[in-house]
Amino acid sequence: MNMIRKNFDVLIIGAGGAGLNAAVQLAKADLRVAVVSKVFPTRSHTVAAQGGVNAALGNVDDDSWHWHMFDTVKGSDYLGDQDAIEFMCREAIPTVYELEHNGVPFSRLDSGKIYQRPFGGQSRHFGKEQATRTCAAADRTGHAILHTLYQQNIKARSHFFTEYFAIDLLQDEEGGVTGALVMDIASGEPMILNARATLLATGGCGQVFRTTSNAHINTGDGMAMALRAGVPLQDMEFFQFHPTGVAGRGMLITEASRGEGGYLINSEGERFMERYAPTAKDLASRDVVARAIVTEVREGRGCGPDKDYVLLKVDHLGEEVVAKRLPGIRETSKIFLGVDPAFEPIPVYPTAHYVMGGIPSDRFGRVVTPAHHGPEEVVQGLYAAGECACVSVHGANRLGGNSLLDILVFGRLSGLDILEYLDEHPRHRLTHSSSEERAMARFQRFEAEGEGVSVAELRGEFRKVMEDHAGVFRTDDIMREGVEKVKEIRRRLDDVRLHDTSRTFNTARIEAFELENLIDVGMSIVTSALHRQESRGAHSRPDYPERDDRNWMRHSLYFLEEDRLDYKPVRTRPLSVDSFPPKPRVY
Amino acid sequence: MEFRIYRYNPDVDQEPHLQTFEVETDRGMMLRDVLLEIKRRDESFAFRHSCGEGVCGSDGVNVNGRNRLACITPVSDYRKGPVVIRPFPGRPVIRDLVVDMSDFYRQYHAVDPWLKRKDPVPEQESLQTPEERARLDGLWECILCGCCSTSCPSFWWNPDKFLGPQALLSSWRFLADSRDQAEEQRLDDLDGPYKVFRCHTIMNCVDACPKHLNPTQAIGHIRNLMLKKSV
């Protein structure tokens, strides 16, 4: 087939915080960088991050990156890799200053320094008093950061392929990555982008669940592409349910609402978090608070006519604080609930929010997989950063404010490491013909005509299965059934037929590709979850209620081929400080 | 409730037409929910959307003659039908409600929308008082949805020469930032009869902005500053 082929030094797939922060490093170095995004860059889901980004600047109270590191290790329920966590917490400080220098409109303290607020799971002196570590631009921090990064890329003249959808990675004979097959959404035409290095920065996959804070676009595209290229996904059983989604709808009410002094109550008006986390209360880790809310509702203490949510109170803070510090969630509550949080409590319930797992990568952003010599062999030419990657800095549970940090630190580092990689690899590798054929077959997958299952129908069914079988609490029989149901849905994907096979801006075709990605990622979640027989962080099993460090302090690796699982050890040795050994996790 | 939707697929249609759909609506439903329901019935229907909560700026459309962000526009705003939903006016249609926004983005890029500093980079953050920072409120929250510029008659007529309300709001966002050190250059770049001065304070932009921002006021501030500097 005659198609357009272009050569670049670097291909970046995804234009959220991670992709854009990598792109700007590379464009500044005068390399030819192609940034492919299925939406205009500022529509990427980084834009929706609310509360802020963690860095031990100490603008309000004394703080240290070492305390930040302890909190992150503890928050991860000791599944996070301590070398990567140390690195991230140290880098946090210059990373936030760099954002400020580039123009991010952070809120300010009277001292003129960046405003910081308390967030869940934060402490000083290794688990003692509450810390104040989250740097914020009101409650629209992600918007402020994403727009600034896009602006820096305009300045650096990065080459954007906006509204191009990535179909699949291309590989050489040894499995090294040589670029990707993409589709111009407006024309429906395929195009081959060859690159010496490819960075996956495609974000999360919250659309696998029916109720989610994630956008329509968060369909795990990069994760599924990695799976199809033979790369496993790591720790996919760890999915964060954010405690405070808008009840019945799923959009996010920021943790900053509790950081600013808000708290949760049940139908009896009780501040129930005092029972679950006597010290940290409403600012315990997200997994702890989400389980508490689900337990309250299950035990009949939910609010509303169907007793199916709890209430988040911020009205005692006064209208001025709500207007100044929480304007975004005030607007969201008014529009979607008809509730003004300055005067009334907000109905909330946990919502699928963030995947801790992802494409296994090291702290330089390089994708690593068990191949011939050990569990962490670098895949040539392939990088991953942001939510689609698993470094792993979040382990079994991510702390609020560490997600923006992760995408910024490792996005930037990937960019810098790619610079070195390109020095050592001056030539493009040769794409193997079978790899290109496989990608083209996927491109043509949904062209068959005739009657069959619709994308909307199968997607609806799939997302319901995931919600019912891989939610906050998981038991063996529920998950076993879930695995079978997802397998059946995966089989039925072959029966999907599009009624619309036109070329121009065919969103039905895009949604079919996305559904395939969602199902592959969903399979990795239910399979990894079924096999982990312990409770750790966000993975909570009533049939195995304890954490089991002897057998399970290890990372899961799911391979698409035969739905195979493998495991690798947690990296418990930090770079320069002593290791934090596993301890019981109480808040 | 009756919805009339603009349809045009260049692959099969000779010319655009309005298609009528009857959609059952309930309290709390947004226009995006209606569009999704129509999409469920007819997968060939194309429109952009993503976050569903008014922050990504993807789903701007024209509703009964006014530009709105579908995901945060309650159906209850329209007591009785029919509700006519069209693509943004003045933009080339790619398909159905999807328009080509290249001119709009080009004008945004044209105002150098990034912070310009001349001082050496400090070790920590550059300082800004809460009052200085407050001047940016109502400016930085723009989501680039395009509702304002594509409702502006001056932008319809001169999308290549008049910067339009969005780009000018962004221009003022940097002029108003106490950290920015390129005022003179920014004002020089805005000089001429078209870039700023084609604004005739029609104020469609203010009505259209889903984030309740006020581009007309920002344009007024720019003009005042230009006048002050030319004296």
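These notes cover the domains, sheets, core and chain contacts of a predicted model.

1. **Chain A, domains.** Chain A splits into two domains. Domain 1 takes in 1–238 + 356–580, and domain 2 covers 244–350. Domain 1 of chain A is thus written as two segments, and domain 2 of chain A as one. The centres of the two domains, taken over C-alpha atoms, are separated by 28 Å. On the domain 1 side of chain A, 26 residues take part in the contact; on the domain 2 side, 24 do. The domain 1 side breaks down into eight nonpolar, 15 polar and three charged residues.

2. **Chain B, overall.** Chain B has 231 residues, and 46% of them count as buried. Its C-alpha trace spans about 60 × 35 × 30 Å along the principal axes. Eight helices and seven strands make up its secondary structure. Take the contacts in chain B between residues at least 6 apart in sequence: 68% of these join residues at least 24 apart.

3. **Chain B, domains.** Here too the assignment gives two domains: domain 1 (2–99) and domain 2 (102–230) of chain B. Their C-alpha centres lie 29 Å apart. The contact between them involves 14 residues of domain 1 of chain B and 12 residues of domain 2 of chain B. On the domain 1 side, β4(B) supplies the largest share, with four residues. That side has six nonpolar, five polar and three charged residues.

4. **The five-stranded sheet of chain B.** This sheet is open, with mixed pairing and the order β2-β1-β5-β3-β4. Its edge strands are β2 (17–22) and β4 (66–69) of chain B, each paired on one side only. From one strand to the next, the twist averages 35°. Strand β1 (residues 2–7) of chain B runs antiparallel to β2(B), and six bridges join the two. Within β2(B), B:E22 stands opposite B:E2. Edge strand β4(B) is also the element that gives the largest share of the domain 1 side facing domain 2 of chain B.

5. **The β7–β8 hairpin of chain A.** Is strand β7 (residues 164–171) of chain A largely enclosed or left open? Eight of its eight residues are buried, so β7(A) is largely enclosed by the rest of the structure. β7(A) pairs with strand β8 (residues 177–184) of chain A in the antiparallel sense, over seven bridges. A:V182 in β8(A) is the bridge partner of A:A166. Five residues lie between the two strands of this hairpin. In the turn, A:G175 has a positive phi of about 95°.

6. **The core.** The largest nonpolar core has 247 residues. Those with the most contacts inside it are A:I12, A:V36, A:V182, A:L199 and A:I359. A:V182 has already appeared as the partner of A:A166 in the hairpin. Which helix gives the most to this core? It is α15(A), with 13 residues. In soluble globular proteins, nonpolar side chains tend to be buried together.

7. **Around A:L199.** Neighbours within four places in sequence are left aside here. A:L199 is then in contact with A:V10, A:I12, A:I13, A:G19, A:A22, A:Y383, A:A385, A:S414 and A:I418. One of these, A:I12, is itself listed among the core residues with the most contacts.

8. **The three-stranded sheet of chain A.** This open sheet has antiparallel pairing and the order β10-β19-β20. β10 (233–234) and β20 (564–569) of chain A are the edge strands, each paired on one side only. Strand β19 (residues 554–559) of chain A is joined to β20(A) by six bridges, and the two run antiparallel. A:R554 has A:P569 in β20(A) as its bridge partner. Helix α15(A) packs on the sheet and touches β10, β19 and β20 of chain A. The directions of α15(A) and β19(A) make about 140°.

9. **Contact between the chains.** Chain A puts 44 residues in contact with 38 residues of chain B. On the chain A side, the elements giving two or more residues are α3 (82–101), α4 (141–156), α10 (327–337), α13 (455–469) and α15 (507–531). The largest share comes from α4(A), with six residues. By class, the chain A side has 18 nonpolar, 17 polar and nine charged residues. Note the roles of α15(A): this helix touches chain B, packs on the three-stranded sheet and gives the most to the core.

Notes:
Residues numbered from 1 in each chain as written. Chains lettered and ligands numbered in written order. Predicted model: local features only at pLDDT ≥ 70, side-chain atom pairs only at ≥ 80, totals over all residues. Buried ≥ 20, exposed ≤ 12 C-beta atoms within 10 Å, placed from the backbone. Contact = placed C-beta atoms within 7 Å. Domains from an automatic or database assignment. Nonpolar A, V, L, I, M, F, W, Y, C, P; charged D, E, K, R; others polar. Core = buried A, V, L, I, M, F, W, Y, C linked by C-beta atoms within 7 Å. Pairing = 2+ DSSP bridges. Axes fitted to C-alpha atoms, helices over the stretch in contact; angles between N-to-C directions.
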